[in-house]
Amino acid sequence: MSEQNILKTINGDRIAIVSGLRTPFAKQATAYHHVPALDLGKTVVNEMLERLNIDKKEIDQLVFGQVVQMPEAPNIAREIVLGTGMPVSVDAYSVSRACATSFQAVANVAESIIAGHTAVGIAGGADSSSVLPIGVSKKLAGSLVDLNKARTLGQRLKIFSQLRLKDLLPVPPAVAEYSTGLSMGDTAEQMAKTHGISREEQDALAHRSHSLAAKAWDEGLLSQEVMTAHVEPYKGFIDKDNNIRANSSLEGYAKLRPVFDRKHGSVTAANATPLTDGAAAVLMMSESKAKALGYEILGYVRSYAFSAIGVHEDMLMGPAHSTPLALDRAGIELKDLDLIEMHEAFAAQALANVKMFASDKFAKEKLGRNKAIGEIDMDKFNVNGGSLAYGHPFAATGARLITQSLNELKRRGGGLALTTACAAGGLGAAFVLESA
Ligand SMILES: CC(=O)SCCNC(=O)CCNC(=O)[C@H](O)C(C)(C)COP(=O)(O)OP(=O)(O)OC[C@H]1O[C@@H](n2cnc3c(N)ncnc32)[C@H](O)[C@@H]1OP(=O)(O)O
């Protein structure tokens, strides 16, 4: 391991993460039923700035993302700046990298710090599966445009007469791959079959995830990094993730029917992430700026990598593709890591990735490498549970993983963590983080 292999600015400053915060995550149509992602984003950024008592004039940039976009506020980042009392001069733009969106936001702020353009930046993401941009059918959308252009009553009546009842039905956004039409759950089913991941193994991982997450909450490990959020203005508060099952039992999992392949499948509501609402953010600075402002640093971004594969088969293999790149860039091997935090989109997807980390065949055929990335020590893997339990508000998960890993490293007295995720479009993200 060499000091050379860590991201730094031209002045030798490391990329510091000073703080991370998130809202509690809530299942679709529960605590945040009518709260848009933008409000969740504003809430978390506002609270983070309040807690740190930072002069808002110090902030140069805010990069944020939202996977399910709201057409009326397409630049969520700028709306957060304008809605949290930051100076209007704070640069803000939005990014989208499906489930790795806030990883991308962190990478963008890191690159801006490395270039010397930013000294203090905020990165994060928010998503709501409860307040959705419900659209109209393509036929109706086309007809509405034509209606706008129609000049006579006859032309208008002709357009109306071509519409059928089904064309008038609302169309919710799909959690599916645009180019194949396959849902993420269909892909998880594919991966279970290709990699021989049994239903029992999937249920066991989900049970582990819920049990560890419940324990983490019981022990107070998350109380600092998760804020209390308002449910709907003036209606109440939520102070804990509401998907986690403290009384998770394997018998309960076994009873559930598969959802995506009802006949031969193994992916159920319990071994898939639920649709979730929430937001998360991190405050980043160049190392010297953090020290000059007197902030304690939580950790550093040592390296990161993104990867991309095809979308027709086993598309959610992002961790197995991006991790070796990030490890190489960090100048380390898998065995040097103290923690491995992998986004659990589905138990089948996480287990397929764990399996392929250890496979020489996969390394040779898919990664063009001589040997496997390495066997994951499960004692280091998602030690406080994962997305199966916490839930997965798409754009917020990366920032959750980064904050949770750095806080856990700190509790353990330091070290290195890998945080990694798969994403739609065959994308993958991996970050190597170093405790301060
Ligand atoms: C890169 C990526 O991250 S890709 C991933 C992107 N995300 C997704 O694709 C989301 C995938 N998930 C989903 O679409 C949905 O959660 C689904 C379709 C799997 C399930 O949706 P729903 O049926 O609405 O789930 P719901 O929460 O109602 O649970 C169904 C049942 O399972 C039960 N259940 C859920 N979790 C558990 C559990 N851990 N243990 C026991 N029972 C459980 C519920 O109690 C419920 O039982 P009931 O019908 O008796 O009330």
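In the predicted model, Asp 379 is located in the loop that connects H12 with H13. Asp 379 is exposed, its relative accessible area being 64%. Its C-alpha lies 36 Å from that of Glu 50, and the two residues are separated by 329 positions in sequence.

The loop between helix H12 (360-367) and helix H13 (387-390) also holds Asn 382. In contrast to the exposed Asp 379, Asn 382 has a relative accessibility of 0% and is therefore classed as buried, the limit being under 20%. The backbone of Asn 382 has a phi near 40 degrees, a positive value in a residue that is not glycine. A positive phi is also found at Asn 53, again not a glycine, where the angle is about 50 degrees. Most residues other than glycine have a negative phi. Asn 53 occupies the loop between helix H1 (37-52) and strand E3 (61-65). With a relative accessible area of 68%, Asn 53 is exposed because this value is over 50%. Of these two asparagines, then, Asn 53 is exposed and Asn 382 is buried.

The interior of the model was examined next. Nonpolar side chains tend to be buried together in soluble globular proteins. The largest nonpolar core comprises 98 residues, within which Phe 103, Met 284 and Phe 431 have the most contacts. Helix H11 (residues 347-357) supplies the largest share of this core, namely 8 residues. Apart from this core lies another, made up of 43 residues and including Leu 38, Phe 64, Val 81 and Val 90.

The surroundings of Phe 431 illustrate the contacts of a core residue. When residues up to four places away in sequence are not counted, Phe 431 touches Phe 103, Val 106 and Ala 107, as well as Val 301, Ser 303, Tyr 304 and Phe 306. Further contacts of Phe 431 are made with Ile 402, Ala 417, Leu 418 and Thr 419. Phe 103, listed here as a partner of Phe 431, is itself among the residues with the most contacts inside the core.

Helix H11 is mostly covered, with 10 of its 11 residues buried. The buried positions of H11 include Ala 347, Ala 348, Leu 351, Val 354, Met 356 and Phe 357, and also Gln 349 and Asn 353. One of these residues, Ala 348, is in contact with Ala 192, which belongs to helix H6 (residues 184-194). Ala 192 counts as buried because its relative accessibility of 4% is under 20%. Beyond its neighbours within four places in sequence, Ala 192 also contacts Ile 197, Gln 202 and Ser 266. Between Ala 192 and Asp 13, the C-alpha to C-alpha distance is 44 Å, with 179 residues separating them in sequence.

The ligand is surrounded by 23 residues, of which Lys 27, Arg 245, Thr 273, His 343 and His 392 come nearest. By class, this shell consists of 17 nonpolar, 4 polar and 2 charged residues. Oxygen atoms of the ligand are approached by polar side-chain atoms of Arg 245, at 3.0 Å, and of His 392, at 2.9 Å. A polar side-chain atom of Tyr 253 lies 3.2 Å from a nitrogen atom of the ligand. Taken alone, the ligand exposes 1,000 Å², and 66% of that area is buried by the protein.

Technical notes: Residues numbered from 1 in each chain as written. Predicted model: local features only at pLDDT ≥ 70, side-chain atom pairs only at ≥ 80, totals over all residues. Heavy atoms only, no water. Core = buried A, V, L, I, M, F, W, Y, C linked by side-chain atoms within 4.5 Å. Buried < 20%, exposed > 50% of the residue type's maximum accessible area, 1.4 Å probe, protein only. Helix = DSSP H or I, 4+ residues; strand = E, 2+ residues; numbered from the N terminus. Contact = heavy atoms within 4.5 Å. Near = heavy atom within 4 Å. Polar contact = N/O pair within 3.5 Å; in protein donor to acceptor, adjacent residues only side chain to side chain. Areas by Shrake-Rupley, 256 points an atom, 1.4 Å probe, with all protein chains shown as cover. Nonpolar A, V, L, I, M, F, W, Y, C, P; charged D, E, K, R; others polar.
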